[in-house]
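Here are a few exercises to work through with the model open in your viewer. Try each task before you read its solution.

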Amino acid sequence: MRIVIKIGSNVLARPNGGLDITRMSHLVDQIATLRERGMEVIMVSSGAVAAGRALLSTSKQLDSVEQRQLFSALGQAKLINHYYDLFREYGLHVGQVLTMKENFSTRREYLNQRACMQVMLENGVIPIVNENDTVSVTELMFTDNDELSGLIASMLDADELIILSNIDGIYNGSPNNPEAKVIPMVEPDRDLSEYIQTEKSGLGRGGMMTKCNIARKVADEGIRVVIANGKRDNILLRLFDTPQDTLHTEFVPRPDAISTVKKWIAHSESFAKGVVRINERATKAICSGKATSLLPVGVTAIEGDFEEGDIVNIVTPEGKRIAVGKSSFSSDTARTLIGQHDQKPLVHYDYLAMV
């Protein structure tokens, strides 16, 4: 069994912003136990910026990007060293993987990262993944490590993604309301919008809305997703040993798994180089649930400049994005084919994913 465990900043940080080494050690103990049970584990760990912030106070005024770059450069070394020492007590090796959003933008780079982590797993090394905040800038950042963990789980064909935060799951009301209860299970297509709060908490960049959206997307790709409280004692072991007695929210995976190419495309909407507008008939065909490619006859407009093989967003006549796919033509060629019959697909079904 292969699992991805995302550990959020709010799990690892003390109230003053420093690293909670006791909590880190407790989580490492549990992960070592999972490894003894034969599970493959990939960690996506936040905490570098929090660790760096606790190490250094600056007299110079820094903007938000400069702060992240400075504190992550300091804190990442501290974070990985702590993990190295803690896992070494169990005879386990860890490897650091620092990545950026743009490293997933092409299929080649995507597969290169997949191969890197795959060979680590094959040799018993635990990958510890984090965003490379030292060189990332705002427009190229992941929403937060929830988004990164979803992409990693999808890329490595994980059986399960566990997102550890400082909250027990998704509530059917405000978590501050004593009457609110954790929703234990979310079936495919269930609407949770009325329950999700948009506020962010603590040190993380994302919020429950991000977690819910990522969980939904990953579960739709056939991967079980769990959101649980990383500050609860033995939370990882309890999720496997006594899940019925452990507070958490599980997103039930769809039974019909999709190809690895479609998984990459499903997470590539933010890399889109252009927009393809389609008519009502094409919209109905693509949304029908049947294996349908997008033909030029259903296209009404091409926006942006892109090359053959680039990612494009597919939108309805009203401008609603319904799918993302890999274009078979450049934007210039695609414009000459608008509305034509008897042409090869602009986006083939094998390279098209619903959003």
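A quick definition before we start: helices (H or I, at least four residues) and strands (E, at least two) are DSSP runs, numbered from the N terminus. Bear in mind that this is a predicted model.

**Exercise 1. Place aspartate 157 among the helices and strands, and work out whether it is buried, partly exposed or exposed.**

Solution. Start with the location: aspartate 157 sits in the loop joining H6 and S5. Next, look at the backbone, where its phi is positive, about 50 degrees, even though the residue is not a glycine. Last comes accessibility: partly exposed covers the range from 20% to 50%. Aspartate 157 has a relative accessibility of 29%, so it counts as partly exposed.

**Exercise 2. Do the same for asparagine 234.**

Solution. This residue belongs to the loop between S7 and helix H8 (235–241). Asparagine 234 isn't a glycine either, yet its phi is positive at about 55 degrees. Its relative accessibility is 34%, so asparagine 234 counts as partly exposed.

**Exercise 3. Find out which residues asparagine 229 touches, and decide whether it is buried or exposed.**

Solution. First find asparagine 229 in strand S7 (residues 224–229). With 8% relative accessibility, it falls under the 20% cut-off and therefore counts as buried. Now list its contacts, skipping neighbours within four places in sequence: Ser165, Asn166, Ile167, Asp168 and Ile235. One of these partners deserves a closer look: the side chains of asparagine 229 and aspartate 168 make a polar contact at 3.4 Å.

**Exercise 4. Check the length of H5, then work out how its buried residues are arranged around the axis.**

Solution. Length goes first: H5 has 16 residues, and the distance from its first C-alpha to its last is 22 Å, close to the 22 Å expected at 1.5 Å a residue. Then pick out the buried residues, which are Tyr110, Gln113, Met117, Gln118, Met120 and Leu121. They lie on the same side of H5, because the arc they cover around the axis is only 160 degrees. As background, an α-helix has 3.6 residues a turn, so residues three or four places apart point the same way.

What does the buried side pack against? Its partners are strand S1 (2–7), S2, strand S3 (93–99), S4, H6 and H9. Turn to the face pointing away from that side and you'll meet the exposed residues Arg108 and Glu122. After the helix comes glycine 124, with a positive phi near 75 degrees.

**Exercise 5. Examine both ends of H2 and test its length.**

Solution. Begin at the N-terminal end, which aspartate 20 caps: one of its side-chain oxygens lies 3.3 Å from the backbone nitrogen of threonine 22. Just past the other end of H2, glycine 38 has a positive phi of about 95 degrees. For the length, 16 residues (21–36) at 1.5 Å a residue should span 22 Å, and the end C-alpha atoms are 22 Å apart, so the two agree. The buried residues of H2 include Arg23, His26, Leu27 and Ile31.

**Exercise 6. Identify the largest nonpolar core and the element that gives it the largest share.**

Solution. The largest core holds 45 residues, and Val4, Phe104, Ile152 and Val225 are among those with the most contacts inside it. Elements giving it two or more residues include strand S2 (40–45), H5, strand S4 (125–131) and S7. The largest share comes from H7, with 6 residues. Apart from this core lies another, of 34 residues, among them Val11, Val41, Leu79 and Val94.

Conventions: Residues are numbered from 1 along each chain as its sequence is written. This is a predicted model: local features need pLDDT of at least 70, side-chain atom pairs count only at pLDDT 80 or more; totals for chains, interfaces and linings use all residues. Side-chain values use heavy atoms; hydrogens and water are left out. Buried means under 20% relative accessible area, exposed over 50%, partly exposed in between (1.4 Å probe, protein chains only). A polar contact is a pair of N or O atoms within 3.5 Å; within protein, one must be able to donate a hydrogen and the other to accept it, and residues adjacent in sequence count only if both atoms are side-chain atoms. Contact means heavy atoms within 4.5 Å. A nonpolar core is a set of buried Ala, Val, Leu, Ile, Met, Phe, Trp, Tyr and Cys residues joined through side-chain atoms within 4.5 Å. The expected span of a helix is 1.5 Å times one less than its number of residues. The arc is that of the directions from the helix axis to the C-beta atoms.
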